[in-house]
Structure formats: structure tokens, C-alpha cells
Amino acid sequence: MLNLSKMPAMPKERIIYLNGEFKPQSEAKISVLDHGLMYGDGCFDAWTGRNGFIFELDPHLDRLYRSIFSLRLKMHLSKEELRATIVETVKRNALKDFYIKVLVTRGASPEPVIDPRKCGECSVIVFVRPVQTEISEEQKQRGVRVKVLGEKRIDHDTVEPKVKSLNYLHIVLGKLEAWAAGYDEAVFMDVRGNICECPGFNILAVTGNKLYTPQHDILVGITRNSMISMAKEKGMEIEQGSYTLYDFINADEVLITNTVAGVSPVGEIDGYVIGTGKQGPVTKYFGDTYDAWMQSGVRGTQCFPEAWEK
Ligand SMILES: Cc1ncc(COP(=O)(O)O)c(C=O)c1O
């Protein structure tokens, strides 16, 4: 349990880390010539935390540094320095349950033209905010309604989807397409017509004792990896491969996962009801286990060790 009386006082305004300084959000400003703003030239990652524990700090950090390397960004902070900065930003915001987002852009250019060679130091931003649900409890209870998108997920021979880049335009548009059509969420097919992933979520299915999930052209989600390890511990068969819509609408259960929303049951895809249309037992087991891990500090890094009492 986190002893709240031993936590630091909460600041009046949210604190942001920006390029070497911790600032109140209203004072955290970035150049209009930043390549991240002008060209989506950068990458990001996101974490979540409960009871002061950052869940899977290092796997997300490793993924962020793989994105940084792939984009040839000249990052001046080492992984260890950024790790300490993230923990410090959580501490300064004195939040018990939180969401963290780190952005790394190529930095400011001298002119509003594309010349990545002329950018200065990378811009590094660390946001921490209270936890907010992306999928509501009501949606989780009744099962998330998912639309199959007309637009395909960007293929790895254009922009590698394993890179969590700032090029999220098709993901933004995918969400808008789903919401405009009255759905809760959406799923992209890949360019070959296989089920791929959702705008901001991975998608997995369960049939009998088998967990299966698309392998190609996805962001390899940390929550997806948690599902795979839970399924292994439960003695389930695990398969990563290529699946059509047919394979998913005929599954016993379908679930979508991400860092913010955790585990959410899918009730229907494009009008096809999945299983009973409600949360199935395996999805419930994954969701409950995930919540228990987060609350108790499994795979967690405690930001307030002085306030943590077992
Ligand atoms: C495109 C995409 N796929 C999948 C995910 C899920 O990844 P994670 O579980 O690491 O949050 C995200 C997370 O934001 C995402 O943006």
C-alpha cells in the first residue's frame, strides 16, 4: 500500500519535463520550427502506473530507444538518464495512479523547410497525467463494438509500424472513421487483407485453449506481450501469424489491449457478434491478472519507495 501521508505534496499545476528543465505545463513551450510539429519527425512511448509503480518501465524504454535508433535521431540523453528523468517527473507530479508519455523529436530547424541535418538537439518532453479511461466501463461491460476500416494499416515497406513514430495521422483518421459510423473502436486490415491492429490497440483472439494474434505490420505492444506471458503461465497454446476476418469473427473471444485501457473485450466486429457478445472468461482472467499486476507492483518500478509499505 502506498502511504499517502508520506507522498510529496501535489503541485498546483502539472509539471512537464522539457529539454532539461521541469516546468509548470503553462510555461512548457516548444519552437514552432520543431521538426516534430512540422513533419511528425520523431517518436514517442507511453507508460501507465498504479500505486506509484511504473509498469514495465524498461520494456517501453527499450522500445523507445529502438524507435529513436531507427529514425536516426541524435538523442543526447542515455537510456539511464531518461529513465531517471521519467521517475523524477512522476515524483514531481506526486501522482499515485498515472499515465506517462515521452516524446522525442528531431528538434528545431533554423527554417520551416525539410532539412533534418540542420536540426539542433532532439526535443525531449515527458508528460505525466492522472489515469483516464480510454474505453469506458460501460463499453467494457457490454463489449467493445469494432468497425473494420476501409483504409489499410501502413505497411512495413513504407513506414515501419514497429516504430512508434509521431506519424499517427492514419490512426487519428481511423478513430474518426469508427466514431463517425457509430462504433467504439476500429480495426485495420494490412495491405494483404489480414487483420492487423486497431488504431492505438493490438488485437488478440482466443479459441479453446489457444491465444492467437497478428504478427506482421503491428506496433509490438507491451500489453500484448503481457497477455502472451499470462497465456503461457496458464498453459495456453500461443500462435502469432496471419489471420483473416473469418478467423476473428469465429473466435470464442476477441480482446484489444494497450497501455492506457489495459484489456478490453470485443463484443462485435462489423456487426458480427463475437462469442456471447460479452466479456468471456479468458479475457476476464487476463484483465483481472493485469490489474492485479499493476496494483501490486509486478514488473513495476516504485517512484515513491519512502511511501511504499508492504
Ligand atoms: C498502433 C498501436 N498499436 C498497439 C498499441 C498498444 O501498445 P502498448 O500495449 O505497448 O500500449 C499502441 C499503443 O498506443 C499503438 O499506438
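**Val191, the ligand site and a few other spots**

At 45% relative accessibility, Val191 counts as partly exposed. That value, like everything else here, comes from a predicted model. Partly exposed is the label because the figure falls between the 20% cut-off for buried and the 50% cut-off for exposed. As for its place in the fold, Val191 is part of the loop that links strand 8 (185–189) to strand 9. Arg153 is 38 residues away from Val191 along the chain, yet the C-alpha atoms of the two are separated by 6.9 Å.

Strand 9 (195–197) also leads into another loop, the one that runs on to strand 10 (202–207) and holds Gly200. How much of Gly200 is accessible, in relative terms? The figure is 33%, so Gly200 is partly exposed. Gly200 and Gln279 are 79 residues apart along the chain, and 20 Å lies between their C-alpha atoms.

Now for the ligand. The ligand sits in the largest pocket. Helix 2 (57–70), helix 6 (222–233) and strand 13 (253–258) are the elements that give two or more residues to the shell around it. The shell has 17 residues, and those that come nearest to the ligand are Lys164, Tyr168, Glu197, Thr223 and Thr259. Sorted by character, the residues of this shell are five nonpolar, eight polar and four charged.

Which atoms of the protein pair up with oxygen atoms of the ligand? Lys164 brings a polar side-chain atom to 2.8 Å from a ligand oxygen. In Thr223, an N or O atom of the side chain is 2.5 Å from an oxygen atom of the ligand. Ile222 takes part through its backbone instead, with an N or O atom 2.8 Å from a ligand oxygen. As to cover, the ligand on its own has 390 Å² of accessible area, and the protein covers 94% of that.

Helix 6, one of the elements around the ligand, is also where Ile228 is found. Is Ile228 buried or exposed? Its relative accessibility is 8%, so Ile228 counts as buried; the cut-off is under 20%. Measuring from C-alpha to C-alpha, Ile228 and Thr213 are 9.4 Å apart in space, with a sequence separation of 15 residues.

Helix 5 (residues 169–180) offers a contrasting case in Leu173. With a relative accessible area of 42%, Leu173 is partly exposed. Its C-alpha atom is 19 Å from that of Gly42, and the two residues are 131 apart in sequence.

Last come two residues with an unusual backbone angle. Most residues other than glycine have a negative phi. Glu56, though, has a phi near 55°, a positive value. Where does Glu56 lie? The loop between strand 4 (53–55) and helix 2 is its place, and helix 2 is among the elements that supply the ligand shell. The relative accessible area of Glu56 is 10%, so this residue is buried.

Arg299 has a positive phi too, near 60°, and is likewise a residue other than glycine. The loop that holds Arg299 runs between helix 8 (281–296) and strand 16 (300–302). Because its relative accessible area is 35%, Arg299 is partly exposed. Set side by side, the pair with positive phi splits by accessibility: Glu56 is buried, whereas Arg299 is partly exposed.

Note on methods:
Residues numbered from 1 in each chain as written. Predicted model: local features only at pLDDT ≥ 70, side-chain atom pairs only at ≥ 80, totals over all residues. Heavy atoms only, no water. Near = heavy atom within 4 Å. Polar contact = N/O pair within 3.5 Å; in protein donor to acceptor, adjacent residues only side chain to side chain. Areas by Shrake-Rupley, 256 points an atom, 1.4 Å probe, with all protein chains shown as cover. 1 Å grid on protein atoms, 1.4 Å probe; cavity = no way out; pocket = protein on both sides within 12 Å on 5 of 7 lines; lining within 4 Å. Sits in = over half its atoms within 2 Å of the grid points. Helix = DSSP H or I, 4+ residues; strand = E, 2+ residues; numbered from the N terminus. Nonpolar A, V, L, I, M, F, W, Y, C, P; charged D, E, K, R; others polar. Buried < 20%, exposed > 50% of the residue type's maximum accessible area, 1.4 Å probe, protein only.
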